[in-house]
Amino acid sequence: MELVRVGQAYFMIRDTLMYDEASNSAFQCRALNINEDLGQIKFVFSDKTGTLTENKMEFQCASIWGVDYSGGKDSSVNEQVGHFVQVDGKILRPKMKVRIDPELLQLSRSGNNTEEAKRVHDFFLALAACNTIVPIAFDDASNPTVKLMDYQGESPDEQALAYAAAAYGFMLIERTSGHIVIDIQGERQRFNVLGLHEFDSDRKRMSVILGCPDKTVKVFVKGADTTMFSVIDRSLNMDIIRATEAHLYNYSSLGLRTLVIGMRELSDSEFEQWHSSFEAASTSLIGRAAMLRKVANTVEKSLRILGASAIEDKLQQGVPEAIESLRTAGIKVWVLTGDKQETAISIGYSSKLLTSKMTQIIINSNSKESSRKSLEDALRMSKKLITVSGTTHNNGGNSGDAVSPVALIIDGTSLVYILDSELEEQLFELASKCSVVLCCRVAPLQKAGIVMLVKNRTSDMTLSIGDGANDVSMIQKADVGVGISGKEGRQAVMASDFAMGQFRFLVPLLLNELIFRYVLFTCFTLTTAINEWSSMLYSIIYTSLPTIVVGILDKDLSRRTLLKYPQLYGAERRQESYNSKLFWLTMIDTLWQSVVIYFIPHLAYWGSTIDAPSIGDLWTLAVVILVNLHLAMDVIRWSWITHVAIWGSIVATFICVIVLDAVPTLVGYWAIFDIAKEGSFWLCLLAIVVAALLPRFVVKVLYQHFSPSDIQITREAEKFGSRREFGAVEIEMNPILEPSRR
């Protein structure tokens, strides 16, 4: 079996259809002991950013001081420009151009003459400074008078915002450990970086404390709206805050990723207090992260809102089709993302995770009691929908239209009160009734908690797929972990069992690559008549190679058919290919074959003077011929390699038996030559093969004729129908019924 897995891994790695040219990454098989699990997956847990999307961030629009600068609906209003400055006689411009709004560009160039212009100035200053971007200038190969500025950072979001700031005239051109230099509309200004609080999954924001050229100290903060509005001073300009919230909702509904920007000026006493605390926390050896988080909270408060940014992250190629195929195959897809709820819902529709026919159940709670009530209400609604669907079906309605799919949408705040509490059972019961689960604003540990919620309550196989370090815990908790070779490092790949370049490759991995046919057969001949060499060679030469070759090369159906009919996936999970009934039938068949192999020679040579080594040679040849013919009956796709392996093993067995019996020093010298002279020897071999395989052959023919499975029906259509006819035919599939839970 281990050799079979190695062979399967080789063909998966060599599959050119799972090679991603964009990232120059081939499929990786990092674990060899779970190949067969890929045919039994029931739940897929997926990250969104970088997994379903390209992780190529493009700045689209902004809301500044309550004004929406999205350029309207007319695409002609927007244009892509690249700001540039003069450095050492050369033109320095950003490597990436950004789509800009002309009105906002005009305001950014107007200086600080008006209050509105000051807000725009502070907004883009925050985008240029509040990051960990490292600017790197290099020569433009196409123009020696031009240098390009490349922004390298920890995340594509930071890069997109830095390029946006540069496009509007706020170009970050230098960063050291103690200061940054920003070219603001042609004027270079140096800002001292007095402190930086990096983003973490608890605060969901980052901040930088700058010493400005006018001797003031300002803190600039950016982060998710759920955490930013809790630190915004709502006593100031409530109209601005409400307008920004409305713009955020509109941006999120379009599938854009949003961040809220805020700032405030620190007094001398506030700065001194923060600085001493920051120095103490930075040099602490115990609890450093918690201390820094506490210090950050002392300055990330009472902020004045500046605005919000909106970034587009496009879907990867083939994601909608991949999700649709997975759902058609009976696999439940759950998306776990840290994005805003409206953004996640919008991406859900564009990826075909959500459809207009689905009834959405949304849970947004801020306490344990409200979470309990929301779950109870949602359970009642889901049961009502199922009852209505069943009534419609019983009244003669179309079964496809009668089913009312339900989508559960829940946020991270609600999960804080539900996970690791008595409410977990209710959440699992509700999620089990839903076709789709979409979790928004979830932290990395919550992703892992969702996976364990399912694993602890069901025996179904789970698969997690992600691309970043925040997905590692989720990938490690699932039965099968898949890493995307993306732009957020190699942590997800290193923690995974399989790695690939695009989400869409998950479909051929599950629906095609591992629909290999495993043949399990056994025969026992517990007798000392078989010499030690034959016993040893039985597993090395006589029967090993055919099993390995068939296990690696044989498939039920072609790739084209499997991808066309995703419903065929999961036969093993639904216990269609192997169940207790088939197990006992196989045991009875094995017992019958053992009886035939032993008693036919025993009765044929009853009362004769034949010795034990001679009858042992007959048994050895009979077992090997029977096992290989048994295997040949189950082969679907014959190739020259399969023919050589099966028939060659039989020939090799004859040769080995002859060679062993020709060695004078071994027991049974010349036995095969004596017994093979008699016609009864060959009649016994024929009788054993016919008597042992006839019951299996008859049962197999009757079963496939009167009660064929979907795979068998599709195989016949593929085999006997021409490609032209098969491409147009519609095959009616049996309903996907899951085995009852125990």
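The exercises below walk through helix packing, strand pairing and burial in the predicted model shown above.

Residues are numbered from 1 along each chain as its sequence is written, and side-chain values use heavy atoms, with hydrogens and water left out. Because the model is predicted, local features need pLDDT of at least 70 and side-chain atom pairs count only at pLDDT 80 or more, while totals for chains, interfaces and linings use all residues.

**Exercise 1. Describe how helix α7 packs against helix α8.**

Step 1. Helices are DSSP runs of H or I with at least four residues, strands are runs of E with at least two, and both are numbered from the N terminus. Here α7 spans residues 268-282 and α8 spans residues 288-299.

Step 2. Two packed helices are described by the angle between their axes and the distance between the axes. Axes are lines fitted to C-alpha atoms, for helices over the stretch in contact, and angles run from 0 to 180 degrees between N-to-C directions. For α7 and α8 the angle is about 165° and the axes are 8 Å apart. That makes α7 roughly antiparallel to α8 (angles under 35 degrees count as roughly parallel, over 145 as roughly antiparallel, 65 to 115 as roughly perpendicular and the rest as oblique).

Step 3. The crossing of α7 past α8 is left-handed, a label used if the near helix is turned anticlockwise from the far one by less than a right angle, with right-handed used if clockwise.

Step 4. Contact means heavy atoms within 4.5 Å. On the α7 side it involves W274, S277, F278, A280, A281 and S282, and on the α8 side R288, M291, L292, V295, T298 and V299. By class, eight of these residues are nonpolar, three polar and one charged (Ala, Val, Leu, Ile, Met, Phe, Trp, Tyr, Cys and Pro count as nonpolar, Asp, Glu, Lys and Arg as charged, and the others, Gly among them, as polar).

**Exercise 2. Repeat the analysis for α22 with α26.**

Step 1. Helix α22 (residues 580-604) and helix α26 (residues 679-706) have axes that come within 9 Å and cross at roughly 155°. That makes α22 roughly antiparallel to α26.

Step 2. Now look at the handedness: α22 and α26 cross in the right-handed sense.

Step 3. Among the contact residues are W592, V596 and I600 of α22, along with I688, A691 and L693 of α26. The full contact divides into 13 nonpolar residues, one polar and two charged.

**Exercise 3. Work out the strand order and the edges of the nine-stranded sheet.**

Step 1. Strands of a sheet pair through backbone hydrogen bonds, either parallel or antiparallel. Two strands pair if DSSP finds at least two bridges between them.

Step 2. The order is β1-β24-β23-β22-β2-β18-β21-β20-β19, in an open sheet with mixed pairing. Its edge strands, β1 and β19, each pair on one side only.

Step 3. Inside this order, β2 (residues 41-46) pairs with β18 (residues 332-336) in the parallel sense over four bridges. One bridge partner to look for is V335 in β18, which goes with S46.

**Exercise 4. Trace the pairings of β13 with β12 and β14.**

Step 1. Strand β12 (residues 179-184) pairs with β13 (residues 187-197) in the antiparallel sense, over six bridges. I182 has Q189 of β13 as its bridge partner.

Step 2. Two residues lie between the strands of this hairpin, and Q185 takes a positive phi near 55°.

Step 3. On to β14 (residues 205-211): five bridges join this strand to β13, and the two run antiparallel. L196 stands opposite V208 in β14.

**Exercise 5. How many residues of helix α10 are buried, and what covers them?**

Step 1. Buried means under 20% relative accessible area, exposed over 50% and partly exposed in between, with a 1.4 Å probe and protein chains only. Eight of the ten residues of α10 (residues 341-350) are buried, including Q341, E342, I345 and I347.

Step 2. The cover includes α6 (238-253), β16 (257-266), β17 (304-315), β19 (359-363), β20 (406-411) and β21 (436-440). The helix α10 lies across β19, β20 and β21, at about 145° to β21.

Step 3. Just after the helix, K352 has a positive phi, near 65°.

**Exercise 6. Is L510 buried or exposed?**

Step 1. Find L510 in helix α18 (residues 506-513).

Step 2. L510 counts as buried, because its relative accessibility is 0%.

Step 3. Between L510 and Y569 there are 7.8 Å from C-alpha to C-alpha, although they are 59 residues apart in sequence.
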